[in-house]
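Please open the model in your viewer and keep the sequence panel beside it. The tour below moves from one selection to the next, and each stop says what is there.

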Amino acid sequence: MKEPIRILHLSDLHYRSQYDVNGSDYMRMLSRMQDPLAKACAVIRHVDADAIILTGDITDNGTANDYCHVKTVLSEAAGGPVILPVLGNHDRKECFYKGWLGKDGGSQYHWIADLKGYSFIGIDNAVFGKEDGHLTESELQWLEKMLKKIPNAIVCMHHPLNGRAGIPPLPERNELLRVLLR
């Protein structure tokens, strides 16, 4: 029997160090939000989690410094649990690589993590500015290969398989479901 694991799932922080209060309706709406990091940190401090899974829209068109700031603030609040991020359609890959990972890059960010006997796969189906995301055939093949090696993995991603008002579903949802159900 596996030891229990406590996962805190956070998504859609949409953090920016500065919001354009004179910009679009969307930007003005974001500028009126209370500090998303303060809210996230309050939850992190309240929950005794073994891991924090952060499923996308970490920033909103953020800079490398924004990603570095988010990682620092969340890590300090967590005080130990690992933070596993996947990217969303408001995340800029090149800024994430530089600010969160401390290296140059910009390609898809997929990962595998093992925690307390549980396996997690982070799949990056985000395309900056494209609300419904995208998975290529090679990414689906990669995921299928990983799931053959790790059959009980928990798959983490940003975009939903089923959409709802204002949020379209992942276009390759049927192909992804076939991979997940094999």
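A residue is called buried under 20% relative accessible area, exposed over 50%, and partly exposed in between. By that cut-off Arg182, at 64% relative accessibility, is exposed, and the tour will come back to this residue later. Please keep in mind throughout that the model is predicted.

**The whole chain**

Begin with the full chain in cartoon view, where six helices and six strands can be picked out. Followed along the sequence, these elements come in the order β-α-α-β-α-β-α-β-β-α-β-α. The radius of gyration is 17 Å, close to the 16 Å that the globule rule gives for 182 residues, so the chain is as compact as a globular protein of that length. If you turn the C-alpha trace onto its principal axes, it spans about 50 × 35 × 35 Å.

Next, colour by accessibility: 43% of the 182 residues count as buried. With the surface switched on, the chain exposes about 9,800 Å², of which carbon and sulfur atoms supply 51%. Among contacts with a separation of 6 or more, 71% are between residues 24 or more positions apart.

**Charged side chains**

Now select the charged residues, of which 21 are positive and 23 negative, with mean positions that lie 3 Å apart. Side chains of opposite charge can pair when their charged atoms come close. The structure holds seven salt bridges, and the following stops visit some of them.

Select Asp50 and Lys116, whose side chains meet in a salt bridge with an N to O distance of 3.4 Å. Asp50 sits in the loop between helix 2 (36-46) and strand 2 (51-55), while Lys116 sits in the loop between strand 4 (111-115) and strand 5 (118-122), so that the pair links distant parts of the chain, 66 residues apart. Both partners are partly exposed, Asp50 with a relative accessible area of 28% and Lys116 with one of 35%.

Move on to Asp124 and Lys93, which form a salt bridge whose closest N and O atoms are 2.8 Å apart. Because Asp124 lies in the loop between strand 5 and helix 5 (137-149) and Lys93 in helix 4 (residues 93-101), the pair ties together parts that are 31 residues apart in sequence. Are these two partners buried or exposed? Asp124 is buried, with a relative accessible area of 0%, and Lys93 also counts as buried, at 11% relative accessibility.

The next selection is Glu144 with Arg182, where the side chains meet in a salt bridge at 2.4 Å, N to O. Glu144 belongs to helix 5 and Arg182 to the segment after helix 6 (173-181), and this pair again links distant parts of the chain, 38 residues apart. Glu144 counts as buried at 19% relative accessibility, whereas Arg182 counts as exposed at 64%. Before leaving the charges, add Glu3 to Asp50 and Lys116, since salt bridges that share partners join these three residues into one network.

**The loop after strand 1**

Finally, zoom in on the loop between strand 1 (7-10) and helix 1 (25-32), where Asp12 is found. Asp12 has a positive phi of about 60° although it is not a glycine, and at 37% relative accessibility it counts as partly exposed. His14 is placed in the loop between strand 1 and helix 1 as well, and its phi is near 50°, a positive value in a residue other than glycine. His14 is buried, with a relative accessible area of 11%.

Terms used
Residues are numbered from 1 along each chain as its sequence is written. This is a predicted model: local features need pLDDT of at least 70, side-chain atom pairs count only at pLDDT 80 or more; totals for chains, interfaces and linings use all residues. Side-chain values use heavy atoms; hydrogens and water are left out. Helices (H or I, at least four residues) and strands (E, at least two) are DSSP runs, numbered from the N terminus. The radius of gyration is taken over C-alpha atoms; the globule rule is 2.2 Å times the number of residues to the power 0.38. Buried means under 20% relative accessible area, exposed over 50%, partly exposed in between (1.4 Å probe, protein chains only). Contact means heavy atoms within 4.5 Å. Accessible areas come from the Shrake-Rupley method with a 1.4 Å probe; for residues, only the protein chains shown count as cover. Lys and Arg count as positive and Asp and Glu as negative; His and the chain ends are not counted. The place of a charge is taken as NZ of Lys, CZ of Arg, CG of Asp or CD of Glu. A salt bridge is a side-chain nitrogen of Lys or Arg within 4 Å of a carboxyl oxygen of Asp or Glu.
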